[in-house]
Amino acid sequence: MPKQPAFPGLRDAMKKKQTRRDVFLSEMEAVVPWSWLHRICGPGDTHSPWPV
C-alpha cells in the first residue's frame with residue numbers, strides 16, 4: 001500500500017491563527033527584562049502594601 005503524498009500547505013492550514021493576545025505576549029516577552037524583574041521582586045514575593 002503506497003503512502004499518501006504530503007500536501008505542502010497542510011501544516012500551515014492547520015496552524016492556529018495568532019490572536020492579538022498572543023502577539024501582545026510575544027512582544028512583551030521581547031521588551032520586558034523578566035530576569036531583572038524576578039531578581040528584584042522574586043517569583044514568590046507576596047508582600048502587598050495593601051491589607052487583604
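This report covers the fold, the confidence and one surface patch of a predicted model.

## Fold

The chain has 3 helices and 0 strands. Its elements run α-α-α along the sequence. Helix α1 takes in residues 10-14. Helix α2 covers residues 20-31, and helix α3 covers residues 34-41.

## Confidence

Mean pLDDT for the chain is 75. Of its residues, 54% reach 70 or more. Confidence peaks in α2, at a mean of 91. The lowest value belongs to helix α1, with a mean of 67.

Where pLDDT is low, predicted coordinates should not be read in detail.

## Surface and burial

The chain holds 52 residues, and 2% of them count as buried. About 5900 Å² of the chain is exposed. Carbon and sulfur atoms supply 63% of that area.

## The nonpolar patch

Four side chains make up a nonpolar surface patch: Phe24, Leu25, Met28 and Trp34. Together they have about 370 Å² of accessible area. Helix α2 is the main contributor, giving 3 residues.

Trp34 lies in helix α3. Is Trp34 buried or exposed? Neither term fits: Trp34 counts as partly exposed because its relative accessibility is 36%, and that class runs between the 20% limit for buried and the 50% limit for exposed. The same 36% also clears the patch cut-off of over 30%.

Notes:
Residues are numbered from 1 along each chain as its sequence is written. This is a predicted model: local features need pLDDT of at least 70, side-chain atom pairs count only at pLDDT 80 or more; totals for chains, interfaces and linings use all residues. Side-chain values use heavy atoms; hydrogens and water are left out. Patches are made of residues with over 30% relative accessible area and no salt bridge: like charges are joined within 9 Å, nonpolar side chains (Val, Leu, Ile, Met, Phe, Trp, Tyr) within 5 Å. Accessible areas come from the Shrake-Rupley method with a 1.4 Å probe; for residues, only the protein chains shown count as cover. Helices (H or I, at least four residues) and strands (E, at least two) are DSSP runs, numbered from the N terminus. Buried means under 20% relative accessible area, exposed over 50%, partly exposed in between (1.4 Å probe, protein chains only). pLDDT is the predictor's confidence in each residue, from 0 to 100.
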